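Hello,

Here is the structure for you to look over. My notes on it follow below.

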Amino acid sequence: MREISVSVEDCIGCGACVKACVGGVVTIEDREGRRYITFPRGCEESCVACEDVCPTKAISFHEERATGDSPIELVFSLVRCERCGAPFTTERIMGYLESRLHDRRSRECLCPTCRQHRLCEALRGKGEEGRDPRIHQER
Ligand code: SF4
Ligand code: SF4
């Protein structure tokens, strides 16, 4: 069985490895303001899906036999949405995005639902303001 190694310093808690895991052995749970990501100590599958999708290259494998049964558990503090207050992402993900995105608008801390609402509001506003009155009159 290959040993799995996950870098505590590099993992941002995005959960991409959980979605990619074909064996369903990497798990994620958000509870009480924290995110828990759990890996088995070793994996018998021959894939490298989790390693491939990891944006920070935090996962690596070692061919020697995995030692010990205790899983690897990583814990992250969750950030709350500025609008609705729901915890939805990790502080580390926010830091990771901020270090890569230079547009200040992208730093707004909104959950996916509130982000969608805000986009709808913006589109509605743009629709009103952006309408050409001549086109309206010709109809
Ligand atoms: S190698 Fe990674 S993605 Fe594949 S089954 Fe094992 S833990 Fe899951
Ligand atoms: S994909 Fe990488 S960064 Fe994201 S939770 Fe898994 S190990 Fe951590």
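**Strands, sheet and ligand shell**

Strand 2 and strand 3 form a hairpin with two residues between them, and Glu32 in the turn has a positive phi of about 50 degrees. Strands here are DSSP runs of E with at least two residues, helices are runs of H or I with at least four residues, and both are numbered from the N terminus.

This is a predicted model, in which local features need pLDDT of at least 70, side-chain atom pairs count only at pLDDT 80 or more, and totals for chains, interfaces and linings use all residues. Residues are numbered from 1 along each chain as its sequence is written, while chains are lettered from A and ligands numbered from 1 in the order in which they are written.

In the hairpin, strand 2 (residues 27-31) pairs with strand 3 (residues 34-39) in the antiparallel sense over five bridges; two strands count as paired if DSSP finds at least two bridges between them. Arg31 has Arg34 as its bridge partner in strand 3, and Asp30 has Arg35.

The hairpin belongs to an open sheet of four strands, in the order 2-3-6-7 and with antiparallel pairing. Strand 2 and strand 7 (87-90) are at the edges with a single partner strand each, so one side of each has no neighbour in the sheet. On average, neighbouring strands of this sheet are turned by 35 degrees against each other, direction ignored (axes are lines fitted to C-alpha atoms, for helices over the stretch in contact, and angles run from 0 to 180 degrees between N-to-C directions).

Strand 7 contains Thr89. Thr89 is buried, because 23 other C-beta atoms lie within 10 Å (buried means 20 or more such atoms within 10 Å, exposed 12 or fewer, partly exposed in between, with C-beta atoms placed from the backbone). Leaving out residues up to four places away in sequence, Thr89 touches Leu78, Val79 and Met94; contact means C-beta atoms, placed from the backbone, within 7 Å. From Thr89 to Cys109 the C-alpha distance is 9.2 Å, at 20 residues apart in sequence.

For the protein chain as a whole, there are five helices and seven strands, following the pattern β-α-β-β-β-α-β-β-β-α-α-α along the sequence. Of its 139 residues, 14% are buried. Among contacts with a separation of 6 or more, 71% join residues 24 or more positions apart.

Ligand 1 is surrounded by twelve-odd positions worth checking in the viewer, including Cys21, Cys43, Cys47 and Cys50.Correction to that last sentence: please disregard its count and its suggestion, and read instead that the residues around ligand 1 include Cys21, Cys43, Glu45, Cys47 and Cys50, where near means a C-beta atom, placed from the backbone, within 6 Å.

Regards

How values were computed
Two residues are in contact if their C-beta atoms, placed from the backbone, lie within 7 Å.
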